[in-house]
Structure formats: structure tokens, C-alpha cells
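Colleague: I'm new to this one and would like to learn how to read it. Could you walk me through it?

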Amino acid sequence: MELEGARVLVAGATGVLGGHISRALHGEGAHLMLAGRNSEALESIGSDLSAATASFDATHSEDCSALITRAVEELGGLDALFIAYGIVAFGEEADTDDAVTRDLFQINTLAPIAMLRAAASEVAEGGAVAALTAVTAEYPTAGMASYSASKVALSAWMQAARSGFRRRR
């Protein structure tokens with residue numbers, strides 16, 4: 001995919017990896033919309049890269065779907081989506097509260113799925129979508145069972161949905 005002039009949404013741009021990805025895409029000439037939850041960091045990176053910005057809350061899947069609509073409106077279309085957000089939790093599973101597991105699955109699995117579904121009909125022909133998972137998606141890790149499971153679930157969903165999304169194009 002040609003990045004020069006591409007209209008790209010980076011969700012999670014205020015994180016370390018999302019920030020690096022945003023800067024690399026900017027360096028290749030992409031037109032960016034940067035999204036994240038830390039408004040101060042978002043304002044800073046948006047200013048640095050002369051990019052449009054939007055705050056969103058991954059604890060609400062509808063915010064993730066709405067972000068796609070906003071990016072399409074702001075950028076005049078969407079050529080690519082890059083999802084680079086998530087949360088982590090450590091600890092023995094027997095000691096992990098159900099609320100922590102729910103948050104892990106909402107933010108690491110359900111929110112990206114909502115965003116990817118919304119993007120499926122909006123990303124231009126020849127465009128791309130990508131979402132960071134984690135090495136734990138391939139190698140679930142003791143002391144990180146719920147986190148590992150949330151990343152495995154997203155990875156499995158992406159693998160299963162890939163062919164259906166390709167057929168839509």
C-alpha cells in the first residue's frame with residue numbers, strides 16, 4: 001500500500017507503540033487522524049505531526065465504531081486503520097477479579113472488533129487494517145491468563161474474519 005497521501009487512523013496514538021507508528025506513517029507522507037484516551041498526550045502528538053485528533057473510550061464499543069465514522073468525515077475517506085491500544089494485567093488467575101477480566105476483554109478484544117467491523121465497509125479498495133495483539137496470543141503466559149486469553153480471542157477473530165472481509169471487497 002502506498003503511504004504517501006494515504007488517509008490513516010491510528011487508534012492508540014498516545015501509547016508508546018502507537019506514537020512510534022504515527023511518527024513513522026507521518027514520515028512516509030500519510031494524512032493522519034490520531035486517537036487515544038490521554039487528551040494532553042493526544043494534543044501534543046497531534047500538534048507535532050499536524051494531524052487531526054479524537055479522544056475515544058475503549059470501554060465503550062460504540063465509541064470505537066463512532067471513531068471510524070469521525071475519521072472518514074475528517075480525512076475524507078479512510079485508506080488504513082491501525083489499532084495499537086490495550087491494557088495488561090498480571091497475577092495468579094485465582095486472584096484475578098472478574099471485573100479485571102471483563103475490562104481486559106472489553107478493551108483488548110471487543111473494542112478492536114467493533115472498530116474493525118465499522119472499518120470493514122469504510123476502508124478504501126486496496127486499503128489495510130491492522131491490530132496489534134501480543135506474543136501471548138501465540139504463547140499464553142502463566143500469571144497473565146486473562147490478558148493472554150483476551151489477545152488470543154482478538155487474534156482468532158481477526159484470522160476467522162479476514163476471508164469474509166476480503167470477499168466484501
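Modeller: Let's go through a helix, the sheet, a ring pair and a few loop residues. This is a predicted model, in which local features need pLDDT of at least 70 and side-chain atom pairs count only at pLDDT 80 or more, while totals for chains, interfaces and linings use all residues. Residues are numbered from 1 along each chain as its sequence is written, and side-chain values use heavy atoms, with hydrogens and water left out.

Colleague: Fine, helices to begin with. What span should helix α1 have?

Modeller: Helices here are DSSP runs of H or I with at least four residues, strands are runs of E with at least two, and both are numbered from the N terminus. The expected span of a helix is 1.5 Å times one less than its number of residues. Helix α1 covers residues 16-27, twelve residues, so it should span 16 Å; its end C-alpha atoms are 17 Å apart, which agrees.

Colleague: And which residues of α1 are buried?

Modeller: An α-helix has 3.6 residues a turn, so residues three or four places apart point the same way. Buried means under 20% relative accessible area, exposed over 50%, and partly exposed in between (1.4 Å probe, protein chains only). In α1 the buried ones are G18, G19, I21, S22 and L25. Looking down the axis of α1, these buried residues fall within an arc of 165° (taken from the directions from the helix axis to the C-beta atoms), so they line one face of the helix. V16, L17, H20 and G27 sit on the other side of α1 and are exposed.

Colleague: What covers the buried residues of α1?

Modeller: Contact means heavy atoms within 4.5 Å. The cover includes β1 (7-11), β2 (31-36), α2 (39-48) and β4 (78-83). Just after α1 comes G29, with a positive phi near 95°.

Colleague: Now the sheet. What is the order of its strands?

Modeller: Two strands pair if DSSP finds at least two bridges between them. Here five strands make an open sheet in the order β3-β2-β1-β4-β5, with parallel pairing. At the edges are β3 (52-55) and β5 (123-131), each pairing on one side only. Look at β1 and β2: five bridges join these parallel strands. V8 has L32 of β2 as its bridge partner, and L9 stands opposite M33 in β2. Five of the six residues of β2 are buried, so this strand is largely enclosed by the rest of the structure.

Colleague: How many aromatic pairs does the structure hold?

Modeller: A pair of aromatic rings is described by the distance of the centres and the angle of the planes. Rings of Phe, Tyr and Trp (its six-membered ring) pair if their centres lie within 6.5 Å; planes under 30 degrees apart count as stacked, over 60 as edge-to-face and the rest as tilted. The structure holds one such pair. F56 and Y85 are edge-to-face, 5.3 Å centre to centre with 65° between the planes. F56 lies in the loop between β3 and α3 (61-75) and Y85 in the loop between β4 and α4 (98-120), so the pair ties together parts 29 residues apart in sequence. F56 counts as buried at 9% relative accessibility, and Y85 does too at 12%.

Colleague: One last thing: where is S50?

Modeller: Most residues other than glycine have a negative phi. S50 has a positive phi of about 50° although it is not a glycine. S50 sits in the loop between α2 and β3 and is exposed, with a relative accessible area of 70%.
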